[in-house]
Amino acid sequence: MPEFTRTQTMSQENLQTDDLDRRIITALSADSRRSYADVAGEVGMSTAAVHERVRKMVERGVIERFSLRVVPEAVGLHFTAFVAVRNDGGAHCRDIAPRLSEIPEVLELHSVAGEHDFLAKIRCTHPRALEEVLYKIKAIPGVARTTSTVVLNTEFER
């Protein structure tokens with residue numbers, strides 16, 4: 001077997017999860033502060049076994065981090081928009097992305113195929129704040145234009 005294929009196969013094996021891992025992930029996804037004893041009771045394992053499986057999933061990169069989710073409205077972020085960003089061709093997208101990451105209102109940035117190069121999720125206090133963010137984005141060298149879609153209501157978010 002060629003070296004590349006063997007390495008690729010080993011890498012894929014390292015990221016595979018079984019049904020018990022998926023059940024643990026589902027339980028922790030609902031509330032990552034849950035105790036391992038609580039998760040163990042839900043998935044039908046011992047606390048030590050859950051702890052060991054979580055440790056291994058962290059080591060393998062299946063679980064990247066444990067985090068908290070703040071309710072945006074509770075901290076004054078009542079306005080959400082998705083902004084599509086198009087490169088002008090004069091700058092490489094790899095040069096634009098780091099600049100977009102410096103804008104605190106840009107919560108997510110996705111490189112996309114199609115008419116635009118990026119799709120950014122933006123949260124801010126009100127429409128005027130979005131206008132200020134758009135000025136910052138358009139001032140980045142290489143940004144040709146933006147197209148904004150304002151969120152009226154979020155049905156669900158995971």
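Analyst: Helices here are DSSP runs of H or I with at least four residues and strands are runs of E with at least two, both numbered from the N terminus. With that settled, Pro 104 can be placed in the loop between helix H5 (93-101) and strand E2 (106-111). This is a predicted model, in which local features need pLDDT of at least 70 and side-chain atom pairs count only at pLDDT 80 or more, while totals for chains, interfaces and linings use all residues. Residues are numbered from 1 along each chain as its sequence is written, and side-chain values use heavy atoms, with hydrogens and water left out.

User: Thanks! What makes Pro 104 count as exposed?

Analyst: Its relative accessibility is 63%, and the scale reads buried under 20%, partly exposed in between and exposed over 50% (1.4 Å probe, protein chains only). Pro 104 therefore falls in the exposed class. In space, its C-alpha is 9.4 Å from that of Cys 124, a residue 20 positions away in sequence.

User: How do you know how spread out the chain is?

Analyst: Let's begin with the elements: the chain has 6 helices and 4 strands, in the order α-α-α-α-β-α-β-β-α-β from the N terminus. The radius of gyration is 21 Å, well over the 15 Å that the globule rule gives for 158 residues, so the chain is more spread out than a compact globule. That radius is taken over C-alpha atoms, and the rule is 2.2 Å times the number of residues to the power 0.38. Along the principal axes, the C-alpha atoms fill a box of roughly 55 × 50 × 25 Å. Buried residues make up 27% of the 158.

User: What share of the contacts joins residues 24 or more positions apart?

Analyst: A contact means heavy atoms within 4.5 Å. Among contacts with a separation of 6 or more, 64% are between residues 24 or more positions apart.

User: Which residues of helix H3 are buried, and how do you know where they lie around its axis?

Analyst: H3 spans residues 36-43, and its buried residues are Val 39, Ala 40 and Val 43. They cover an arc of only 105° around the axis, which puts them on the same side of H3. The arc is that of the directions from the helix axis to the C-beta atoms. Helix H2 (19-30) and helix H4 (47-60) are among what covers these residues. Just after H3 comes Gly 44, with a positive phi near 75°.

User: Why is Asp 21 called buried, and why is Arg 55 called partly exposed?

Analyst: Asp 21, in helix H2, has a relative accessibility of 5%, so it counts as buried. Leaving aside neighbours within four places in sequence, Asp 21 is in contact with Arg 53, Met 57 and Arg 60. Arg 55 belongs to helix H4. Its relative accessible area is 34%, so Arg 55 is partly exposed. From Arg 55 to Leu 20 it is 14 Å, C-alpha to C-alpha, with their positions 35 residues apart in sequence.

User: What makes His 78 count as exposed, and which residues does it touch?

Analyst: At 54% relative accessibility, His 78 qualifies as exposed. It sits in the loop between H4 and E1. Not counting residues up to four places away in sequence, His 78 touches Glu 73, Cys 124 and Thr 125. The C-alpha atoms of His 78 and Cys 124 are separated by 6.5 Å, although the two are 46 residues apart along the chain.

User: Where is Gly 76, and what is it in contact with?

Analyst: Gly 76 is in the loop between H4 and strand E1 (79-87). Apart from neighbours within four places in sequence, Gly 76 is in contact with Cys 124 and Thr 125. Thr 125 is 49 residues away along the chain, yet its C-alpha is separated from that of Gly 76 by 5.8 Å.
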